[in-house]
Structure formats: C-alpha cells, structure tokens
Amino acid sequence: MSQPADLELASVSKKYGDTIAVEAINLKIKAGTYCCLLGPSGCGKSSTLRMIAGHELVSDGDIVLGPRVVNDDPPAKRGTAMMFQSYALFPHLSVLDNVAFSLKMRGETKAVRHERARAMLETVDMEAYAERLPAQLSGGQQQRVALARALVTEPSILLLDEPLSALDPFLRIRMRAELKRLQRDLGISFIHVTHSQEEAMALADLVVVMNNGVIEQSGSPRDVFNAPRTKFVAQFIGGHNVVPVDGGEISIRSDRLKIVDPSEPSSPTSLAGTVTGIEYQGSTVLLTLVTEQAGDISVTLPERSFFESPMETGEKVSVAWASEDAHALA
Amino acid sequence: MIAQSRWTPYWQAAPMTLVFAVFFIVPLIATFVVSFWEYNQYSIQPAMTGENYTEIFDGCIAGLPELCTIFKTYLSTLKFAAIVWALTLVIGFTIAYFLVFHIRTLTMQIILALVCTIPFLTSNVIRMISWIPLLGRNGLVNQALLGLGITDQPLDWLLYSNFSVVLAFVHLNTVFMIIPLLNSMFRIDKSLIEAAYDTGASGWQTLVNVVIPLSKTGIAIGSIFVITIVMGDYITIGVMGGQQIASVGKIIQVQTNFLQFPLAAANAVLLLVTVLSMILLLTRIVDIRKEL
C-alpha cells in the first residue's frame, strides 16, 4: 500500500521572469493530513501545487518529501500523483486503460495492470464502466476515473487541482465527502487547491490561506475561522467584519454581533448604523448595515431571534459585541 | 424565422453539386465510357469492348514468373509512393510536433506554420526545376563535394535518378502531411501530456501512447494526400527522372500524346480503382470523419 510521507516546503519560491508567483513560503504537512491551499486566483496556490507535483521547477528553496529533497525529481519518482482540474483523461483509451496507464509505463504485464486497475476502479465505484471511453462518462464519473488513475500509482501524496470546480453544486458536496473518506481510508496526505472557503472548511485538517504569493495564515479550519490573523484572511474566509479601532483593526464574526437598542450610549464595543439589506437564509437571517465608523457590517441572526423583533431596511439600529469576540488583526 | 420549404437544403447545395457534376462527375463518366471504345491510328469509335483492358495486361499471365510492363510500372510507382509516404510522414510529424509542443507562443506557432506554406507561392514545376542546377554533374553540390575533396569525381546519381525523384517528391509534398498533422495535434489537450508525465511516462512513451494515437486522423488524411499525389504523378518523375523512369501516370500521359484515348482511359480507370482501394483500406484503419 501507499507509504504516507511528511512534506516540507522550505523557503520555496517561484519566479516567472520578474514576476514572483510564490515568495519564500514555509509549510509543513504531516503524513496523512488533508490540506487545502485556499486563496483567490493568482495567489500562487496552483504554482505551489505544481511545484510539489514536479510540473514546475522550484526557483528557490527546497521541497522535502519524506527523507529526501525532491526538487529535481520527476513526478513519478517523487511518489506524488496529481489529479488535474480538467481530469486530463486520455480520450482514446478506455476507462480501464486510463487507470492502468502508469502501470503500462512501468512495464507491468497486461494481466497485472488490468487486475490492479480493476481493483482501483472498484475503490471509486466505477468497475461497471471499465470498457467505456471517457467521452461516454458524466463529469462526476470522469472525476472518479481520474482519481483512480492517480491513486493506482500508490502515491504518498495526492495533489488535487481544483478537483470539484467542474461539477454542479449537488455533486460537488457529494464528491467532497467521498474525497474525505478516501483520504481517511488511504491514510496519505491530500493537498487540495481551491478558491472556495466552504470547501476548505469542510475538508481540511490544515487550511493554508494564500495571497500574493505568501501564506497569510495556516492552521486548522476552526483556528483560522475563529482567529483570522490578517484582514485579508478575515475577509476571504467570510462571516467576519473588519472594524477599525484605535491602534489598528479588529475582526468580529458576524454571528457574534448582537442588535442593541440604538438609544443606548455608544461604547467602544458597539456601532450605530442603518439597515440596508435583509436576506432570509433559512436557519439564519443575514442583515447588512451601513455604519459611519466601519462601512458595511454584516450580522447573522438566528431566524427565531430576528422574527421576535423584526426589522426593516432603513431602520436605525446599533450592534454590540463582547470584547473577547474581537480579534486584533496584524 | 421564415418557414423553410423542405427543398431549401437542396437548392442551397445546388451550386456545389453543379460544379462537382460538371467538373468531376461528367469527366469521370466520360473517361469510364471511353475506356470501352475502339481506336486505331487515325480514329476513335464508340463501342463496347474490353479490348483496352486486355491490352493493358497483355502477356501478363503468359510471361509469368517474369513481371509484365504494367505490373513492373505499378510496382515501381507503389515503391515511390511508399518511400515518399514514409519520409513525408517522419519529417511532417517531426515538424508538426515541434511547432505544437515546443513553440510556446501562439504568435510564433502561426508565423512558423505560415513559413511552412510559403514555398506554395511558387509553382511545383519551378520548385522542381530549381533542384537541377544544384544536383547536376557540374552543379553546386558536386562542385562543393569536389572542392572539399570528399569525392574525386562528380556523383552521377544525384540527378535524373530515383534519388532526385524521391527528393523532389518529399520537398513538394511534405506540407500536405504537416497541415493535417498540425490540425490534429493542436487539438490535443496539453494537460494530457502533463498527465502522462505525471504517471511516469518518458518522452518516448508519451509520444507512442498519447501523441501518435491522438494524431491518427491527421496521419491518415496526410497519407491520403501524399499517396494520391505520388500515385498519379508524371511530371515530377519525368523532370527529376530525366524522362527515364516509368510510372503509371507517365503511361497515361504517353498514350494521350499518341491519341490512344481509349487505352489511356482504361489505364486511368485502373489507377483510380487502385488508389481508391488504398484510401478505402486507410479509412478502414482510421475513422477520418472524426476530424471533419
């Protein structure tokens, strides 16, 4: 079976001419971790993944996989495998031959490679489609085949480049759960590039938020969500308000804000504003306020408490928070 | 939207049909019909005779195991077709592969692809003839070889030989291989090459297992172009072979010159059938329609 391995990026940089895509990032990913590289497009997350995969040369720094520096190794020698965003299945080969491709390249006999490919197809529930061509499969099925093709090499790390972005929302949530289950079963690290904070929160043991080629913050989803380190992180992961205060900025989760009587005297832990939008979201209601001090503020209220004292747009209200819910931003 | 009559597609296709009918189907039928006519030194008579065909194969059975003229000629023409096909395929594939997978910017790819087609601004005959001062007994190549002391007398086989015929064929026809191959290769998703690399395929393995199978239709279309051109050629073989090398096209040309039209027509029908069967065989191996 696959040998799980630790991965370490030591001051890894990627330059394209004068532009710096990734700037001296340091990151340790323990074996068996589900890691999400999260960030907006152009933040360097894909370059980072491609450097780990061996599809992009490292401009500076070292990539250490297990006991070895793998900077100059080709992907197959590193023990990484990549699942491509568009799946990149070979259109002229059947599902079975697609999965068996790497075994064929290694010179395995037809019987051996077909047997192992069938076993791998079984893991992803696709054995019934072995003889089909990729064009005869749906997006979700193609993805399973791509997954099987990557895993058949028994990699110590699986790299996934926006694996869910081509799927419809319903399928995305189902495949997400399956990815997580597969990762747990195999016990190897998955490194998953995404621009969806929701996806990262749902999947990751370790979230790495990137922006402008540097890591803004890394940690467990809960740590990152509860204590965003920078303004960028607070805004990107959503559900946070950034409020300027004396000596810097603080972030407060939108569900930790309370509506208070606007006639109360203002305090350092409250803001006065006007309701500009009300969005019903099922179990919660999202209120948008415009305030003089902090611009737009969003407040998430439980459905019940909103309808106990409903508000309307244009109404003047104040919001307040407990001082322990405010986090100073770097 | 104006409701379309069910005749609309027919009259829309009519102009092209007319052009095809007048310039392709009618001459083809005429050739076929004339191939059954009678002729002598001074006249051609409508008739329904198979004599022209028997004349083509005259002595072919009796003379066995010695090959008769027509079989020898077909064999020689097929040999040229095979050699030229192999060379244009290797050269064309290499050039197309380089343009698609090694040139990084689209602008440069377009410029270089255009450069490949520029020789087409000159006529075939001119491009052929321009080899003569290069390859002749006192030509540039021989003078250079003598001057460098590589040979002590001029090489005879450079011009008016099988070599010069093949050289000219390859020079004139490689582009017919390049264009369909470019078309196929541009459609190959670059991430497939990366995926092959990711699964541990070497450059050669990627070529054999990914690029060549996905270029199959381009190879087939290019092959059809090259094979049909070489099979029917008489000018290149004439000029570059010093009028000494036989070819099927040459037979037809000579017979037309002697006004033996029915015999020439019979030969043309035979050639057509041969080439069509070769193409049919090719399309059996590769489904060309995918590319159209």
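## Strand pairing, burial and chain contact in a predicted two-chain model

Within strand E4 of chain A, Val64(A) is the bridge partner of Glu8(A). The model is predicted, so local features are described where pLDDT is at least 70 and side-chain atom pairs count only at pLDDT 80 or more, whereas totals for chains, interfaces and linings use all residues. Residues are numbered from 1 along each chain as its sequence is written, and chains are lettered from A and ligands numbered from 1 in the order in which they are written.

Helices (H or I, at least four residues) and strands (E, at least two) are DSSP runs numbered from the N terminus, and two strands pair if DSSP finds at least two bridges between them. Strand E1 (residues 7–16) of chain A runs antiparallel to strand E4 (residues 60–65) of chain A, with five bridges joining them. E4(A) is also joined by two bridges to strand E5 (residues 68–69) of chain A, again in antiparallel orientation. In this pairing, Arg68(A) of E5(A) stands opposite Leu65(A). The hairpin of E4(A) and E5(A) has two residues between the strands, and Gly66(A) there takes a positive phi near 60°.

Val58(A) is found in the loop between helix H1 (45–53) and E4 of chain A. This residue is buried, with 20 other C-beta atoms within 10 Å. A residue counts as buried if 20 or more other C-beta atoms lie within 10 Å of its own, as exposed if 12 or fewer do, and as partly exposed in between, with C-beta atoms placed from the backbone. Residues are in contact if their C-beta atoms, placed from the backbone, lie within 7 Å. Neighbours within four places in sequence aside, Val58(A) is in contact with Val12(A), Lys14(A), Met51(A), Ile63(A) and Asn71(A). The C-alpha atoms of Val58(A) and Ser13(A) are separated by 6.4 Å, although the two residues are 45 apart along the chain.

Two loop residues other than glycine have a positive phi, and the table sets them out.

| Residue | Phi | Loop between | C-beta atoms within 10 Å | Class |
|---|---|---|---|---|
| Asp125(A) | near 70° | H4 (110–123) and H5 (139–151) of chain A | 12 | exposed |
| Leu259(B) | about 60° | H13 (248–257) and H14 (261–285) of chain B | 14 | partly exposed |

An automatic or database domain assignment divides chain A into domain 1 (7–226) and domain 2 (242–328). The C-alpha centres of these two domains of chain A lie 40 Å apart.

Chain B contains 14 helices and two strands, and its C-alpha atoms fill a box of roughly 80 × 70 × 40 Å along the principal axes. Of the 292 residues in chain B, 27% are buried. Among contacts in chain B with a separation of 6 or more, 69% are between residues 24 or more positions apart. An unreviewed UniProt entry annotates residues 74–282 of chain B as "domain: ABC transmembrane type-1"; such annotations may be inferred rather than shown by experiment, and their positions are given in the numbering used here, with feature names shortened. That span is 76% helix and 0% strand, and its end C-alpha atoms lie 19 Å apart.

Between the chains, 17 residues of chain A are in contact with 14 residues of chain B. On the chain A side, the elements giving two or more residues are helix H2 (75–78), strand E6 (80–83) and helix H3 (95–105). H3(A) gives the most, with three residues.

Key:
Contact = placed C-beta atoms within 7 Å.
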